[in-house]
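Reader: I am new to this structure. Please take me through one part of it closely, and keep the sentences short.

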Amino acid sequence: MANKDLKLINGVIEKSKNVYDLEYHSADENSVEQYKQVKKSIKHPLDSDIIREIKKIDIKDDMDDYQIFKYSKEINGIWKLIIEKSIICLRYFDKREPFLLNKKKRPIAYGVKELGDYFDEYTEFEAMLYGGGKFYRDHVIHVFRTWLLGIDCLLENNCKYLEKIAIGGGVAVNPLEKISIWSIIALTHDLGYPLEKAQDIIGKTKDMMQSFIVNPTLSLDLSFNGVQNNMNDFVVRFLSSKMHEKPYIKKDDEEHKKEYVARIQPKYYFKFQKSLEKSKHGILSAIIIYKLLLYFLESDYSINEDYVFYEEDVRQFYIRREILRAISSHTCHDIYHLDMMNFAFLLIVVDDSQEWGRKKISELYVKSKTKYEFKEIKPSFDVKQIEIEKDGKKDLVSIHRCLMSEEFTLPAEDGMGLERLLYSLFKQSESYKELFRDGQDTSSRNFTFVKKCKVNYEDDKTVTFDVGFTISNEEDSMFFVTISTTSNNDVNQKFDEKFLKKVYNGCTVEKISNDDDAVKYSVSAKHR
């Protein structure tokens, strides 16, 4: 089995040069021309400095998935460098700043040292987090792998996804800005994890102390008061808002300059407030980077009616909102997703896919018998068009497709492991159904999401379970299990409908096809 980290690193290095070939589409011809002139000379998250540092991670194809942990110190340095270059790149193309016009000035990423210090503390604290629960997994190397996997998806097929992905408000961002937006999202999306999980550690400590101390006074209160609470609420309002163009009243001999005002979107606001109330690490991560990075502290934002934004103000607002909203949304299941062409969708899919090489504390004592291989994330674009009706008007929507695939292999004697895996895949499908659920404007959802998991039971692969689920805006979401074997007798006697009803206790199991060497079932929660 090829080393996945090596494959990703080599893929990113090889594809990174294609970013410069992408065209920048904007109504502002001056911005397009400026981008052409400077794109190969400015700092950004895939420039020669970053590529050179990534090449120092010396992994061979025959090495296991844990080899990359030997380079934790180097990856820590790369993490800070990518964040710094991302902010420098975003500041460089901010037309309100002097850098595009004055070549003698260079942007600086203020606050990266403070954020880096926090990340160092996070790295050291992670050893304690392994005591917070038997299912805790690595979250330090994980964010670097998430970044690599997302970059690989964006750059695949001559950067097709990078070209199509967009941010809210319909504002134009160039390819290097998009890479910078993704880099900050991917590398900081779990920064709030220690704050979320530390409460569990304190709780378990208190439970243990009760065995020899009556009513121990030990607590961790993550509630915020006074100024802190006001600051946090400001961040939540920022990422829950959108811009509206003000009505224009024409005056004689006056050049029209579009003006905008900010408005809170109540549904987003209360959903993110609820997420903060529960100390979800997504919203905590967004608050951390807002407070520590001057890039966010200098954001223009106010919902006062007389506070006016102009076009570049709006563009910069949406860039920052995209970063904060994507990070916050990945742990807020109250938010549902209709658009495959944004960074919030990409983070959810990539974050969930990065499972290889993430040991749990339970595996330190008992070696896992399950072999796991991540296959691919394959986005396909404009696979078909469907006609929808909205506000009494008919329109065509281009449908894209996102396919995730993976493979598991279990030894024949691990029957309990097989049952747990099959059930966990069903629970995972329910989580995706919630994130990509039907709601207002479902007809406008522009993607079909498909996940396929091949589970080989027995080392000689005589029995396989092809597990999959599909979510679309045209049909009801479905979860399927197809059992295949070299001996049909095994299917009928050992892995039959009774077996699946035991695995998916409380769910509806229906046989939908029966071929000579395979039986296909659908599984659904009864509440559906």
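Author: What follows looks at the open sheet, the helix across it, and then a pocket and a helix elsewhere in the chain. The model is a predicted one.

Start with the sheet. Seven strands make up this open sheet. Their order is S3-S4-S5-S6-S7-S9-S8, and the pairing is mixed. Strand S3 (371–390) and strand S8 (507–514) stand at the edges. Each has a single partner strand, so one side of each is left without a neighbour in the sheet. On average, neighbouring strands are turned by 20° against each other, direction ignored.

Now take the S8 edge. S8 pairs with strand S9 (residues 518–525) in the antiparallel sense. Seven bridges join S8 and S9. Val 509 stands opposite Val 523 in S9.

A helix lies across the sheet strands. Helix H15 (residues 415–435) crosses S4, S5, S6, S7, S8 and S9. H15 runs at about 10° to S6 (463–471).

Next, the pocket. The second largest pocket holds about 1,000 Å³ of space. It is lined by 28 residues. The closest to its centre are Gln 265, Tyr 268, Arg 325, Asp 339 and Asn 342. Helix H10 (266–277) and helix H13 (311–329) are the elements that give two or more residues to this lining. H13 gives the largest share, five residues.

Asn 342 leads on to helix H14. At the start of H14, a side-chain oxygen of Asn 342 reaches to within 3.3 Å of the backbone nitrogen of Ala 344. H14 (residues 343–353) is mostly covered, with 10 of its 11 residues buried. Among them are Phe 343, Ala 344, Phe 345 and Asp 351.

Conventions. Residues numbered from 1 in each chain as written. Predicted model: local features only at pLDDT ≥ 70, side-chain atom pairs only at ≥ 80, totals over all residues. Heavy atoms only, no water. Buried < 20%, exposed > 50% of the residue type's maximum accessible area, 1.4 Å probe, protein only. Helix = DSSP H or I, 4+ residues; strand = E, 2+ residues; numbered from the N terminus. Polar contact = N/O pair within 3.5 Å; in protein donor to acceptor, adjacent residues only side chain to side chain. Pairing = 2+ DSSP bridges. Axes fitted to C-alpha atoms, helices over the stretch in contact; angles between N-to-C directions. Contact = heavy atoms within 4.5 Å. 1 Å grid on protein atoms, 1.4 Å probe; cavity = no way out; pocket = protein on both sides within 12 Å on 5 of 7 lines; lining within 4 Å. Points joined across faces, edges and corners; volume = space filled by probe spheres on them.
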